[in-house]
Amino acid sequence: MYGFEAMTFNIHGGYLEAIVRGHRAGLLTATDYNNLCQCETLDDIKMHLSATEYGPYLQNEPSPLHTTTIVEKCTLKLVDEYKHMLCQATEPLSTFLEYITYGHMIDNVVLIVTGTLHERDVQELLEKCHPLGMFDSIATLAVAQNMRELYRLVLVDTPLAPYFSECITSEDLDDMNIEIMRNTLYKAYLEDFYKFCQKLGGATAEIMSDLLAFEADRRAVNITINSIGTELTRDDRRKLYSNFGLLYPYGHEELAVCEDIDQVRGAMEKYPPYQSIFSKLSYGESQMLDKAFYEEEVKRLCLAFEQQFHYGVFFAYMRLREQEIRNLMWISECVAQNQKSRVHDSVVFIF
Amino acid sequence: MDLMRSEKMTLVQLIIPVESAHRAISYLGELGLLQFRDLNSERSPFQRTFVNQVKRCGEMSRKLRFFKDQISKAGLLSSVLPVVEPDLELEELEIQLAEHEHELIEMNSNSEKLRVTYNELLEFKLVLQKACGFLLPRSNHAVAEERELSENIYSNDDYVETASLLEQETRPADQSGLRFISGIICKSKALRFERMLFRATRGNMLFNQAPAGEEIMDPLSAEMVEKTVFVVHFSGEQARTKILKICEAFGANCYPVPDDISKQRQITREVSSHLSELETTLDAGIRHRNKALTSIGYHLTQWTSMVRREKAVYDTLNMLNFDVTKKCLVGEGWCPIFAKAQIQEALQRATFDSSSQVGIIFHVMDAVESPPTYFRTNHFTNAYQEIVDAYGVARYQEANPAVYTVKLGSFMEMLFGGRYVLLLMSLFSIYCGLIYNEFFSVPFHIFGGSAYKCRDVTCSDANSAGLIKFRDPYPFGVDPSWRGSRSELPFLNSLKMKMSILLGVAQMNLGIVLSYFNARFFRSSLDIRYQFVPQMIFLNSLFGYLSLLIIIKWCTGSQADLYHVMIYMFLSPTDYLGENELFWGQRPLQIVLLLLALVAVPWMLFPKPFILKKLHSERFQGRTYGLLGSSEFDLDVEPDSARDHHEEFNFSEVFVHQMIHSIEFVLGAVSNTASYLRLWALSLAHSELSTVFYEKVLLLAWGYDNIIIRLIGLAVFAFATAFILLMMETLSAFLHALRLHWVEFQNKFYHGDGYKFKPFSFALITDDDD
């Protein structure tokens with residue numbers, strides 16, 4: 001089928017691709033960010049956003065605003081758009097769109113389980129969950145005591161069930177276990193998504209494999225950095241890396257044995273696309289790594305829009321919007337806490 | 001004259017003292033004759049002077065939206081009190097709105113709390129009622145045996161089985177190991193809830209459910225939700241905590257039901273009395289709230305329009321600049337010249353009313369930028385102006401084509417659009433019907449008998465040998481005798497085609513003549529000499545000549561073939577015309593006309609750009625210093641005023657533009673003339689369609705001697721007439737007339753690159769922000 005999408009893509013995907021490109025045109029621009037960064041209060045931010053696509057979602061909020069309200073409403077807009085697209089989608093695009101939310105589902109599961117472990121109120125936890133990753137019986141997660149129960153009670157009904165096959169143990173849940181579970185789930189999810197995209201073929205496979213490979217590699221680096229100095233063994237660490245991507249398999253071997261950040265750097269600099277990321281950082285620094293990765297991701301996501309007739313635009317749009325919401329959250333926090341000098345620390349511009 | 005050209009506009013500057021600024025702007029808004037220019041366009045909205053007031057207005061309109069929402073949720077109709085209150089001050093209104101909002105929110109939260117308690121009690125009552133049905137058999141087997149049989153045979157069977165499996169050992173002793181939780185849950189969640197319970201307890205439980213019967217209001221969404229009462233039997237402490245957690249997760253409310261029947265009765269009674277009390281309280285609360293909302297509703301429209309006005313005033317104030325001393329606001333704007341007196345009067349009123357020491361300075365400035373276009377229209381002409389504006393707003397003071405739309409847009413039998421458009425169209429279509437002397441394609445002898453008659457009395461060969469003319473031509477329109485004759489189509493087609501060409505040439509000529517008036521108005525002799533004259537010559541030497549031939553042919557009744565004449569005028573102009581000669585000296589005239597047309601093409605192509613170039617270089621010869629100085633001066637004083645205007649001359653661009661224009665005209669002369677033949681096509685289609693419907697449907701059906709077939713035929717005919725002949729044909733005729741008007745007529749003279757005059761006016765503020 002390779003190369004012939006142009007003939008048939010628009011039968012089912014044309015309308016939605018037009019919609020998503022329209023949404024993409026609504027992303028905040030450089031001038032918007034410029035103006036937002038100059039805001040003095042949250043009300044200014046609201047006023048500025050009211051001229052953008054977020055206007056209708058924020059206009060009925062009473063005046064003492066909170067950052068959470070802004071973020072909540074902006075997310076609501078994204079969710080509305082997503083739901084609209086999902087309603088209109090046909091197979092296999094609808095499955096593809098559902099795949100995009102599984103990541104949030106994993107995060108939500110982990111959030112609830114961790115929260116219950118620390119005896120937080122379930123309702124409070126539910127409010128913190130990302131609305132895209134909600135599923136019906138999510139509140140019941142609090143009942144489970146160990147992984148096996150978790151799976152048997154709740155997750156067997158969700159799309160996450162197949163990913164659980166690797167991490168069913170009877171061990172009690174603790175922070176370490178949960179974190180391993182999260183990464184195992186994520187690994188299985190990414191591999192499944194990757195396989196699904198390969199099955200779709202054509203430009204979708206080409207673009208999505210690039211984006212997902214980047215995602216997998218980023219996770220590998222993050223796992224490595226976060227597990228330095230913990231009791232996680234090398235083999236266990238190795239098991240958490242996704243089995244595809246630029247680093248697979250030789251890079252994984254190197255990352256698995258890394259003991260500090262500079263070794264990670266040494267391993268990563270052998271790969272030209274990541275060399276540019278690490279060259280921005282000074283030695284021994286890992287603080288700015290997240291931002292550097294985000295910037296690279298945004299660049300790649302924007303490039304997905306350069307090609308037509310593929311599903312990667314949906315993935316890219318959702319990711320870009322999420323990045324935009326993260327930016328808005330950061331700007332609002334800085335404005336609310338009078339830390340305007342730090343505004344540019346974490347904002348990743350999307351152009 | 002006010003429809004022919006835009007009103008004369010002028011750029012004015014206002015210097016308003018700060019203290020009277022607000023009042024002055026609101027008076028101007030009431031007047032609605034001044035369009036402000038944005039002098040702060042480089043500033044973002046929250047950097048402007050009056051941003052706080054704008055924000056306050058935004059906040060107030062949010063509150064008003066909240067009220068509106070509440071009123072519509074409460075199902076009240078917001079009626080407007082006829083008594084108009086004196087205008088409130090903005091501050092007062094703000095305080096009032098805040099009070100009302102506070103009051104409403106408090107009432108809402110109170111009634112919400114009450115509602116929650118009420119719901120709980122109601123649910124409790126329902127649980128008590130329904131759960132007893134499940135619990136009775138356990139506490140009193142003997143009494144409930146009959147009910148058991150009739151009601152829960154299945155659940156009871158289940159119960160026995162599960163219980164026996166569960167407690168094979170403990171059963172003989174007592175049933176105290178078996179406990180239950182009762183509660184209520186949304187019907188939609190019940191199935192999943194049951195499955196989850198089953199999984200969590202590994203099947204060691206018994207789940208009974210019954211529909212609650214009554215709908216309960218969900219306090220969050222204010223929707224009625226169907227609920228289901230359930231009773232879960234289980235054993236063991238661990239299962240209990242699990243089940244409670246699951247209940248919590250599913251949002252199921254659990255209520256304890258005592259085993260004892262007398263206790264149950266007592267609690268039921270208590271709950272019922274509580275319920276009735278709460279109900280009265282709730283009702284009273286709702287009444288109170290409705291009263292408050294109604295009183296708000298009386299003023300809502302007035303307040304909304306007031307806030308909207310205030311916001312508009314501050315938005316306008318944000319477009320003004322502070323002058324150097326910070327005591328005055330400086331504004332620039334466009335106004336029609338006739339309105340200057342009115343504006344000045346309004347400004348004086350504002351100064352007086354705000355008892356300001358300093359008057360408002362209002363003076364005219366000269367502008368380089370083109371002013372906006374403003375036509376004063378009334379109901380009748382507005383429809384036509386909109387049709388023209390849809391194509392492009394006239395360049396400032398350009399001849400307005402709408403006038404001619406009124407007169408010429410209505411060629412064909414019908415047109416469509418606004419009721420006034422429809423009126424003219426219907427008049428014109430009646431006129432056309434008279435010209436063709438037919439009605440539903442039935443010949444109609446309205447102006448006396450036909451000029452033709454049969455050769456003999458029987459009229460047997462009327463369709464083969466033709467008729468003979470025996471008296472003067474028919475006094476008005478087409479002789480009805482043509483209808484149905486063998487040569488009907490060739491005759492009418494030729495007639496309609498020729499009429500179309502005549503109309504087309506006349507309209508195109510009118511367009512070119514209008515370009516002459518435009519050029520004369522703008523004092524551009526260049527355009528007259530090198531554009532209007534050659535265009536006129538080109539069009540008339542070819543198609544004007546054709547029209548002339550048509551008229552001569554009609555008058556003399558000549559047999560000449562006009563196609564042949566026109567084609568050989570180009571191919572071999574010197575040849576002898578033979579029988580196609582219509583008048584003496586036709587051949588030399590044709591040669592002269594052809595030469596004129598050939599000369600006209602380079603005439604309109606070459607001179608204009610070269611002359612423009614010469615003029616430009618003459619104007620700026622030796623003025624390099626001056627130019628720099630003046631631009632600096634402009635930058636210094638008012639960087640973005642309407643006065644700085646950079647003029648550049650790019651010869652190749654001008655030349656290419658002129659070339660495109662000339663080619664367009666030359667080719668257009670042919671294609672546009674052909675395009676007018678669409679009039680003939682439309683007329684033909686219309687008459688053929690009406691013939692078909694009349695003959696093949698109505699007459700065919702009438703041929704049968706059966707009332708049903710006749711009725712069906714009549715219905716089909718009526719439907720086709722109304723929907724196809726009237727609606728569809730009207731639409732297509734309108735579209736074609738519109739196209740002819742926009743493309744063939746307006747491209748001769750209409751630039752349409754102006755922008756519309758949008759005065760700051762309260763009357764024009766619509767509720768677009770709501």
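How many residue pairs are in polar contact across the interface of chain A and chain B? In this predicted model, the rule finds 3 such pairs across that interface, with both residues of each pair at pLDDT 80 or more. The elements that give two or more residues to the side of chain A that touches chain B are helix H4 (42–50) and helix H9 (147–153) of chain A, and H4(A) gives the most, with 5 residues. Sorted by class, that side of chain A has 8 nonpolar, 10 polar and 9 charged residues.

The contact as a whole takes 27 residues from chain A and 23 residues from chain B, and the area buried between the two chains is about 2,100 Å², of which carbon and sulfur atoms give 54%. Between chain A and chain B the count is 1 salt bridge, and Asp44(A) forms a salt bridge with Lys55(B), the closest N and O atoms of the two residues being 2.6 Å apart.

Over all chains, the count of salt bridges comes to 35 by this rule, and several of them can be followed within chain A. Glu81(A) forms a salt bridge with Lys77(A), with the closest N and O atoms 2.4 Å apart. Because Glu81(A) and Lys77(A) are 4 residues apart in helix H6 (residues 67–88) of chain A, they are separated by about one helical turn. Glu81(A) has a relative accessible area of 7% and is therefore buried, and Lys77(A), with a relative accessible area of 4%, is buried as well. Both residues also belong to a wider arrangement, in which Glu53(A), Lys77(A), Glu81(A), Arg321(A) and Glu324(A) are linked in a network of salt bridges.

Helix H16 (residues 289–304) of chain A holds Lys291(A) and Glu295(A), which lie 4 residues apart, about one turn of the helix, and form a salt bridge whose closest N and O atoms are 3.7 Å apart. Which of the terms buried or partly exposed applies to Lys291(A), and which to Glu295(A)? Since buried means under 20% relative accessible area, Lys291(A), with 17%, is buried, whereas Glu295(A), at 29% relative accessibility, counts as partly exposed. In helix H16 of chain A there are also Lys299(A) and Glu296(A), 3 residues apart and again about one turn of the helix; Lys299(A) forms a salt bridge with Glu296(A), the closest N and O atoms being 3.8 Å apart. Glu296(A) counts as buried, its relative accessibility being 10%.

Turning to the nonpolar interior, the largest nonpolar core has 116 residues, of which Phe96(A), Phe193(A), Phe314(A) and Phe193(B) touch the most other members. If the neighbours within four places in sequence are left aside, Phe193(B) is in contact with Ile185(B), Phe207(B), Phe230(B), Ile246(B), Cys247(B), Phe250(B) and Ala252(B). A second, separate core of 54 residues includes Ala21(B), Leu34(B), Ala346(B) and Tyr374(B).

A last position to look at is Asn509(B), whose place is in helix H13 (residues 488–521) of chain B. Why does Asn509(B) count as buried? The relative accessibility of Asn509(B) is 15%, and the limit for buried is under 20%. Leaving aside its neighbours within four places in sequence, Asn509(B) is in contact with Met536(B), Leu539(B) and Asn540(B).

Conventions. Residues are numbered from 1 along each chain as its sequence is written. Chains are lettered from A and ligands numbered from 1 in the order in which they are written. This is a predicted model: local features need pLDDT of at least 70, side-chain atom pairs count only at pLDDT 80 or more; totals for chains, interfaces and linings use all residues. Side-chain values use heavy atoms; hydrogens and water are left out. Contact means heavy atoms within 4.5 Å. Buried area is the accessible area (1.4 Å probe) that two parts lose on being put together, summed over both. A salt bridge is a side-chain nitrogen of Lys or Arg within 4 Å of a carboxyl oxygen of Asp or Glu. A polar contact is a pair of N or O atoms within 3.5 Å; within protein, one must be able to donate a hydrogen and the other to accept it, and residues adjacent in sequence count only if both atoms are side-chain atoms. Ala, Val, Leu, Ile, Met, Phe, Trp, Tyr, Cys and Pro count as nonpolar, Asp, Glu, Lys and Arg as charged, and the others, Gly among them, as polar. A nonpolar core is a set of buried Ala, Val, Leu, Ile, Met, Phe, Trp, Tyr and Cys residues joined through side-chain atoms within 4.5 Å. Buried means under 20% relative accessible area, exposed over 50%, partly exposed in between (1.4 Å probe, protein chains only).
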